[in-house]
Amino acid sequence: MSFVPGQESFEHEGHGRAGRGQTADAPRHGDADGRLSPRAGQRPAVRSLPRRLRHLLVQVHLWLGLALCVVMALWFVSGFVMMYAGYTTQIDEDLRLERMPLLAAEHGWISVEQAARAAGLGHEEVREVRLHRHLDDPVWDLRGPGGRWITVSARSGFRVAPVSPAEAVTLAYRYHPGGDIPVAEKGDRSPKTRTLDVADVWTLSGTHAPAFPVYRVDLGDDAGTSVYISRQSGDVVNVHDRAARILAFAGAVIHYLYLPQLRRNPGSTGLWKWVVVALSALGVVVCASGIWIGILYLRSPAAIKAMPHLPWSPYRGWMKWHHYTGLVFGLVSFTWVLSGMLSVNPGYTPNSGPTESPAVRLAGGPLLSSPALDPAKAIAALVTLAPSFELRELELRRMGDRSYWLAKGDARGTRLIIPPAVARQVEGGALLLSAVGDGERSGGAEPLVLERFSDSDMETALRQAVDARLLEKRWVREQETYYSSRTDPRPLPVLLGRFADARETWVYLDPATGSVASVSDRIGRWHRWGYSFLHGFDLPWLLHRRPLRDSLMILSLAGGTALSLIGIWVSILWLGKKPRSWKKRVSPSVNG
């Protein structure tokens, strides 16, 4: 909101007797054509501030607005794109599972404990375990403390060699979004593979970091599809085409300043974070000072009543329209820039603290602290009790003293890593294969195949999640204020527990996976209002009424864009006149 030209006329001292229809401190014409200056005879209501303070306020808004109006215009314009297209983050989980080969049981697989030893990890160091087929070979994927995945063959027990460029091309064709492997033509349209040791502009998200180095495979199809393959694990990191890249650049890259030179150090002291904080903080000052100036220089109610035929603003031309748009959309611009600064959590990380996290307490110890069920037996039980389930991957989970396998199948339009518990169909669902403590419940020694944990199991787990008194527990069956999402659907139903600890922690448990679906503390819930609501009108009743929410967003973005663009044009006009005034001030007298 660059409220810039003609301000010097407000701060100029009155000289001599006031003219007809003017008071001694009425604004004077600062520009020859009068377009950018207040109208004569209109007295703004500025008597509430001392003249020097008004002058300082105007100068702060003037110079910061000159520096930031282009940045703010880009923020608003890119916001239109981000309403419907996000950043190219990770491969869609549905697509990943759909293209993954079916997993069938084989005799002679090594155990997960043997795989951990082959990976050089102690039992207490293993954070995640997955079993799936990699290039048609069953493999164990184990994630250690540093976030890196180590792949071990389930047949031989040796660590799998890094993926070769030729194998990367094979995997890239498998995960082509079109479903069919495109015909690679000769020449420029043949697949091109290059190795990336550091992130490019499309893989700057922090979730990509453990996968590096990666291969970028450009398939050469008409859509311009690029697939990123981790060289170490063979995981597909990202898939996007030319259209997605264009939308991502016009939206998220510009909006978030996702530039490799800034974003490659995304930590709490990273350059990118503090550039965003600094620009946003200056934008807050620009908006706040502009709102204050706009109110100060609005005609007083008494003046409006005395001369109703005159405009409310003392300005003319483009400056008048900047004044009006600032009065209407200045507050929205202020809240958006402020909430944008809060999005990077300056000086605070939500839902973190010195205490043990609910996810760690819920697990009850390291992932491999108790023996895991033989995966071949788990798959055999799945085939027997749910023969139509198309198994793609097994993931080892733990809740309390219970280890179990989470079976993931063909996505078919749902995210099966955290599927809804109400999905009673076996096909495409997520089933829990209990490994410990279920023999008596199943009536024998065979594993029990479940669609979800029982309510009593979840209530017991909930009390273990936080070391504090449980104030309230209830089932959440639809999105609510502190459990909602604008993009990915939240798993439902979930069990909510409110605890009487110092951080006032709320924990949501998903009975379909036995894991923590969400955690929030007191500051995190304030952050939800400061960022999610102010920046995206994130309220459950609005999320279910997209036409209304989209209309409010588009109107607000259009107002902020108009405010910024008019500010840019007014700044250009002011800069075109200012050098002449500077020259006049410093020119020597003709008479010496």
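**Notes on the predicted model: a patch, a kink and some backbone oddities**

1. Let's start with Glu-504, which has a relative accessible area of 37% and so counts as partly exposed. Keep in mind while reading that this is a predicted model. What caught my eye about Glu-504 is its backbone: phi is near 55 degrees, a positive value in a residue other than glycine. Glu-504 sits in the loop between β13 and β14, the latter covering residues 506-510.

2. Leu-135 is worth a look too. Its phi is positive, about 55 degrees, although Leu-135 is not a glycine. You'll find Leu-135 in the loop that links β1 (128-134) to β2 (137-143). Is Leu-135 buried or exposed? Neither, really: its relative accessibility is 24%, so Leu-135 goes down as partly exposed, given that buried means under 20% and exposed over 50%.

3. Why bother flagging these? Most residues other than glycine have a negative phi, and most peptide bonds are trans. The second half of that brings me to the prolines.

4. Check the peptide bond from Phe-212 to Pro-213: it is cis, with omega near 0 degrees. Pro-213 belongs to the loop between β4 (192-196) and β5 (214-218).

5. Leu-492 and Pro-493 are also joined by a cis peptide bond, here with omega about -5 degrees. Where does Pro-493 lie? In the loop running between β12 (470-476) and β13 (494-499). So that you can find your way around: β13 also borders the loop that holds Glu-504.

6. Now over to helix α2, residues 51-82. This helix has 32 residues, and the distance from its first C-alpha to its last is 43 Å, close to the 46 Å expected at 1.5 Å a residue. Don't take that as a sign of a straight rod, though, as α2 has a kink of about 50 degrees centred on Leu-68.

7. The other thing to look at on α2 is a nonpolar surface patch. Four residues make the patch, namely Leu-53, Leu-56, Val-60 and Val-285, with an area of about 290 Å². Which element gives the largest share of the patch? Helix α2, with three residues.

8. Within that patch, Val-60 is a residue of α2. Val-60 has a relative accessible area of 30%, so it counts as partly exposed, the range between the 20% and 50% cut-offs.

Definitions and conventions
Residues are numbered from 1 along each chain as its sequence is written. This is a predicted model: local features need pLDDT of at least 70, side-chain atom pairs count only at pLDDT 80 or more; totals for chains, interfaces and linings use all residues. Side-chain values use heavy atoms; hydrogens and water are left out. Patches are made of residues with over 30% relative accessible area and no salt bridge: like charges are joined within 9 Å, nonpolar side chains (Val, Leu, Ile, Met, Phe, Trp, Tyr) within 5 Å. Accessible areas come from the Shrake-Rupley method with a 1.4 Å probe; for residues, only the protein chains shown count as cover. A salt bridge is a side-chain nitrogen of Lys or Arg within 4 Å of a carboxyl oxygen of Asp or Glu. Helices (H or I, at least four residues) and strands (E, at least two) are DSSP runs, numbered from the N terminus. Buried means under 20% relative accessible area, exposed over 50%, partly exposed in between (1.4 Å probe, protein chains only). The expected span of a helix is 1.5 Å times one less than its number of residues. The bend at a residue is the angle between axes fitted to the seven residues ending there and the seven starting there.
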